[in-house]
Amino acid sequence: MRLVILDNYDLASEWAAKYICNRIIQFKPGKDRYFTLGLPTGSTPLGCYKKLIEYHKNGFLSFKYVKTFNMDEYVGLPRQHPESYHSYMWNNFFKHIDIDPNNAHILDGNAADLQAECDAFEDKIKEAGGIDLFVGGIGPDGHIAFNEPGSSLVSRTRLKTLAMDTILANAKYFDGDLSKVPTMALTVGVGTVMDAREVMILITGAHKAFALYKAIEEGVNHMWTVSAFQQHPRTIFVCDEDATLELRVKTVKYFKGEHLHLQSNM
C-alpha cells in the first residue's frame, strides 16, 4: 500500500492523471491487447479527467485500445438524465477522447432484470481479461463505489440500497431536493475491485480526512469498505494535504518520503 500526498486538489488530480497515462503507454495497447481501466464518477475525479483529456488532445495519449468499466449507476434514473452516470461519463470524459463507445461499459440502472445486468457486467470484465487499473473515489463514510458501510468485503456487482449519508451527499447534484435523489444503485463489489491488478483511490478534501484515517491507520473493517484495499498487493491512495488532517504526523512523514521515491520511478 502506498499513500501519495500532494499539496492540493489540482496537483493530486494531475499526479493521478499522469499515473494513468504512464500505465496505458507502458502497456502498449493494440487491437489484440486492450488496456482495461475501471473508472469512478463524482466530483473528485473531474480534475483527473480534465488532465487526461488534455493529454489526449496534445497527442500524448490514445484511448483507441482501452476498455473501461464504470463502478456504478443509479437505478431508475433515465440514461439521458443529466445526473445519470452515463451522462456524467460522456459529458465529462468519453466524448472528448477517442474511445470506441462499444468499449465504454456502464451498468444499466433501467435493465428489466437488474441481477442479470450485474452478472453480465462481471462476465464482461472477465471476457476483457480483468481490470488492469481500477480508479476509485470514496465517500466521507469510507464507502467505495456504492459499497456502503456494512457491505461484504468479498462482494460482487449487485443492487444496493444507498445509505442516508450518501443520499444527503448526493443531494447537491439534485438541487438539494432529497426526494429527487435515487435511493438504489447498481455497483461493482469490493471483491470486484480487489480482483484488479492495480487499484488507485483518490481522496481529497478535509471532509474525507477521517475516512482516509480509517482507510490506512486502522484495521480492515467492513464498516469502512475502503479499508479492504490495505490487503491489495498494489494499492495507491492519492490525496491532498487537507485529506491528511486526521493522520498521525509520523504517518504523513513516512509516506511523503516514499512519495519522492515513487515519483522518481514514474
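# Getting to know the helices and sheets

Helices H2 and H3 are oblique to each other (angles under 35 degrees count as roughly parallel, over 145 as roughly antiparallel, 65 to 115 as roughly perpendicular and the rest as oblique). The model is predicted: local features need pLDDT of at least 70 and side-chain atom pairs pLDDT 80 or more, whereas totals for chains, interfaces and linings use all residues. Residues are numbered from 1 along each chain as its sequence is written, and side-chain values use heavy atoms, without hydrogens and water.

## Exercise 1: H2 and H3

Find the angle at which the axes of H2 and H3 cross, and the residues that make the contact.

*Solution.* Step 1: look at the two axes, which cross at roughly 40° and come within 10 Å. (Axes are lines fitted to C-alpha atoms, for helices over the stretch in contact, with angles from 0 to 180 degrees between N-to-C directions; helices, H or I with at least four residues, and strands, E with at least two, are DSSP runs numbered from the N terminus.)

Step 2: pick out the contact (heavy atoms within 4.5 Å). H2 brings Leu46, Tyr49 and Ile53, and H3 brings Tyr88, Met89 and Asn92.

Step 3: sort these residues by class. Five are nonpolar, one is polar and none is charged (Ala, Val, Leu, Ile, Met, Phe, Trp, Tyr, Cys and Pro count as nonpolar, Asp, Glu, Lys and Arg as charged, the others, Gly among them, as polar).

Step 4: turn to H3 itself, residues 85–92, where Tyr85, His86, Ser87, Tyr88 and Met89 are buried (buried is under 20% relative accessible area, exposed over 50%, partly exposed in between, with a 1.4 Å probe and protein chains only). Their packing partners are H2, helix H5 (164–170) and the strands E2 (35–39), E3 (66–70) and E4 (72–74).

## Exercise 2: H1 and H2

How do the axes of H1 and H2 cross, and which residues meet?

*Solution.* Step 1: locate H1 at residues 9–27 and H2 at residues 46–57. Their axes cross at roughly 50° and come within 8 Å, so this pair is oblique.

Step 2: list the residues that meet. From H1 come Tyr9, Ser13, Glu14, Ala16, Ala17, Lys18, Ile20 and Cys21; from H2 come Leu46, Gly47, Cys48, Lys51, Leu52 and Tyr55.

Step 3: classify them. The contact of H1 with H2 holds nine nonpolar, three charged and two polar residues.

## Exercise 3: the sheet of three strands

Work out the strand order of the three-stranded sheet and its edges.

*Solution.* Step 1: read the order, E4-E8-E7, in an open sheet with antiparallel pairing (two strands pair if DSSP finds at least two bridges between them).

Step 2: find the edges. E4 and E7 (158–161) each have a single partner strand, so one side of each lacks a neighbour in the sheet. From one strand to the next, the twist averages 30°.

Step 3: follow the bridges. Three of them link E4 with E8 (residues 184–187), and Tyr74 has Ala185 of E8 as its bridge partner. Four bridges join E7 to E8; here Arg158 is partnered by Thr187 in E8.

Step 4: compare the faces of E7. Arg158 and Lys160 are on the covered face, Leu159 and Thr161 on the uncovered one.

## Exercise 4: the sheet of seven strands

In what order do the seven strands stand, and which helix packs on them?

*Solution.* Step 1: trace the open sheet as E1-E10-E9-E6-E2-E3-E5, with parallel pairing. E1 (2–6) and E5 (104–105) are the edge strands, each pairing on one side only.

Step 2: zoom in on E9 (residues 199–203) and E10 (residues 235–240), two parallel strands joined by five bridges. Val199 stands opposite Thr235 in E10.

Step 3: add H7 (residues 209–216), which packs on the sheet by touching E1, E9 and E10. The directions of H7 and E10 make about 155°.

## Exercise 5: three loop residues

Are Lys28, Ala145 and Ile106 buried or exposed?

*Solution.* Step 1: Lys28, in the loop between H1 and E2, is exposed at 66% relative accessible area. Though not a glycine, Lys28 has a positive phi of about 55°.

Step 2: Ala145 lies in the loop between E6 (133–137) and E7. Ala145 is buried, at 8% relative accessibility, and its phi is positive, near 55°.

Step 3: Ile106, between E5 and H4 (114–127), is buried at 11%. Not counting residues up to four places away in sequence, Ile106 touches several residues, including Asn70, Tyr85, Met89, Trp90 and Phe121.
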